[in-house]
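Please open the structure in your viewer and keep the selection tool at hand. We will go from stop to stop, with something to select at each one.

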Amino acid sequence: MELNGKHNVSAAARAFAIEGNFGGAEPYGSGHINDSYYAVFQRNGSQSRYLLQRINHNIFKNPVILMENIERVTAHLAAQVSDHPDRDRRVLTLIPTRTGDVLHVDAERNYWRAYRFIDNAKTYNAVESADQAYQAAKAFGEFQHMLADLPAPRLHDTIPDFHHTPKRFAVLERAIAADVAGRVASAGPEIDFAMNRKSLASVLLDAGLPERVTHNDTKINNVLLDDVTGEGTCVIDLDTVMPGLAAYDFGDMVRTATCPAPEDEVDLSKVEMQFPLFEALARGYMTSAGGFLTAAEKQSLAVAGKLITFEIGIRFLTDYLSGDTYFKVHRQGHNLDRSRSQFKLLESIEQQDGRIRELLESIG
Ligand code: ADP
Ligand code: GN1
Ligand code: MG
């Protein structure tokens, strides 16, 4: 039996309806939630590749309804790109199990799924150029556009209140009061920073914005960019595709595609929103989303980056104070470092508020 970490990856891989011999699997990617593996099969001298994932069921409590969403979404997207010459790379393709299901449940009650691996494209943990910001935003906007006519019923909420920032803030306040990990004393400036901005949390909720099908986790490493053309080949990581606001998606793009430093940068002098990256991002998004957004939604984009950067910052801080139970961490204080860098980025976005509004008005 081949064990990879604590899970039996080879047994999981063999549960899927893939012809040929299993040739191995390696941990893959740098997501904070699921466990992903690059898996290879060999058949008649040729190789086929898959992305195998163990779904984190502590966080996604109901993998069955989550996969119902993903099946509907990928089928709808596949129909939309069916005339595209590169259609197999434009949408994720689920591989069924040998029993015809989309999930394999192993002896330890782990939930596994497999996608066809998309070649000649990759994800970036931090933005490297204005063109990447433009292409990523264009791809996420297209994704929203293609899902605008997803037939009823409403998608399941895979994590209820995922972007309900005031509830996220209340969870932070409870974590401070409980101090279960004894870390409150070490996060004084970050706690003060969050408390001083409490009113920011509710800025989108009362604006009467329309509910859409949104991705809800549009960080730059959730879109594959083509190795040759640089275009956004495929939007991935569909676990949180559910009803939401367009501004949540735009906000997470601002958070992750307008600053070249990674999310956990400790040298805070490197953490700044770069206006040329913001401009490229906004133009990319409006290219694909400008046609369907309402005037109120377009207006909401001006606060989206601040709101989502604040929200993710308080989520990292909450997890630090709670003893690192949610996001994967790779060093001591990792979640505190992440929250510091989000808060620094938020300050930088705040300082450029006027230019952000002017630009959005000029291209909206
Ligand atoms: P997580 O939920 O852990 O973030 P993702 O679904 O984003 O997991 O996948 C992790 C990484 O695996 C991605 O950043 C991307 O690099 C890669 N990846 C995911 N799906 C595919 C695919 N179908 N083809 C190629 N690479 C993929
Ligand atoms: C998590 O799964 P991943 O790494 O793409 C998180 C997002 C956060 C992000 C911060 C289900 O995304 O909400 O914005 O980390 N996903 C979930 O990097 O909580
Ligand atoms: Mg991801």
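Start by selecting ligand 2 and the residues around it: there are 17 of them, and the closest are His32, Lys219, Glu263, Arg315 and Tyr326. Keep in mind as you look that this is a predicted model.

**Stop 1: polar contacts of ligand 2**

Show the side chains here and turn on distances. Begin with Glu263, where a polar side-chain atom lies 2.5 Å from an oxygen atom of ligand 2. Next, pick Arg315: an N or O atom in its side chain is 2.8 Å from an oxygen atom of the ligand. Then add Asp217, which places a polar side-chain atom 2.9 Å from an oxygen atom of ligand 2. How much of ligand 2 does the protein bury? Taken alone, ligand 2 exposes 440 Å², and the protein buries 97% of that.

**Stop 2: the shell around ligand 2**

Now switch on a surface for the protein. The space that ligand 2 takes up is the largest pocket. Colour the shell residues by type, and you should find seven nonpolar, four polar and six charged ones. Which helix gives the most to this shell? Select residues 295–321, which form helix 9: this helix contributes three residues, the most of any element.

**Stop 3: polar contacts of ligand 1**

Move on to ligand 1 and select its surroundings. This ligand has 17 residues around it, and Gln53, Ile118, Thr123, Asn222 and Asp237 come nearest. For Ile118, show the backbone, since a backbone N or O atom of this residue lies 2.8 Å from a nitrogen atom of ligand 1. For Asn34, look at the side chain, where a polar atom lies 3.3 Å from an oxygen atom of the ligand. Thr123 also uses its side chain: one of its N or O atoms there is 2.8 Å from an oxygen atom of ligand 1. Ligand 1 taken alone exposes 550 Å², of which the protein buries 94%.

**Stop 4: the shell around ligand 1**

Bring the surface back for a moment. Ligand 1 sits in the largest pocket, which is also where the space taken by ligand 2 belongs. Which elements give two or more residues to the shell around ligand 1? Select strand 3 (46–55) and strand 6 (111–116) to see them. Coloured by type, this shell divides into seven nonpolar, eight polar and two charged residues.

**Stop 5: the loop between helix 4 and helix 5**

Leave the ligands and go to the loop between helix 4 (130–147) and helix 5 (165–178), where you will find Pro153. Most residues other than glycine have a negative phi, and most peptide bonds are trans. With that in mind, select Ala152 and Pro153: a cis peptide bond joins them, with omega about 5°. Asp161 lies in this loop too, between helix 4 and helix 5. Its phi is positive, about 60°, although Asp161 is not a glycine. Is Asp161 buried or exposed? The residue is partly exposed, with a relative accessible area of 40%.

**Stop 6: the loop between helix 9 and helix 10**

For the last selection, go to Asp324, in the loop between helix 9 and helix 10 (334–351). Asp324 is a residue other than glycine with a positive phi, near 60°. At 22% relative accessibility, Asp324 counts as partly exposed.

Terms used:
Residues numbered from 1 in each chain as written. Chains lettered and ligands numbered in written order. Predicted model: local features only at pLDDT ≥ 70, side-chain atom pairs only at ≥ 80, totals over all residues. Heavy atoms only, no water. Near = heavy atom within 4 Å. Polar contact = N/O pair within 3.5 Å; in protein donor to acceptor, adjacent residues only side chain to side chain. Areas by Shrake-Rupley, 256 points an atom, 1.4 Å probe, with all protein chains shown as cover. 1 Å grid on protein atoms, 1.4 Å probe; cavity = no way out; pocket = protein on both sides within 12 Å on 5 of 7 lines; lining within 4 Å. Sits in = over half its atoms within 2 Å of the grid points. Helix = DSSP H or I, 4+ residues; strand = E, 2+ residues; numbered from the N terminus. Nonpolar A, V, L, I, M, F, W, Y, C, P; charged D, E, K, R; others polar. Buried < 20%, exposed > 50% of the residue type's maximum accessible area, 1.4 Å probe, protein only.
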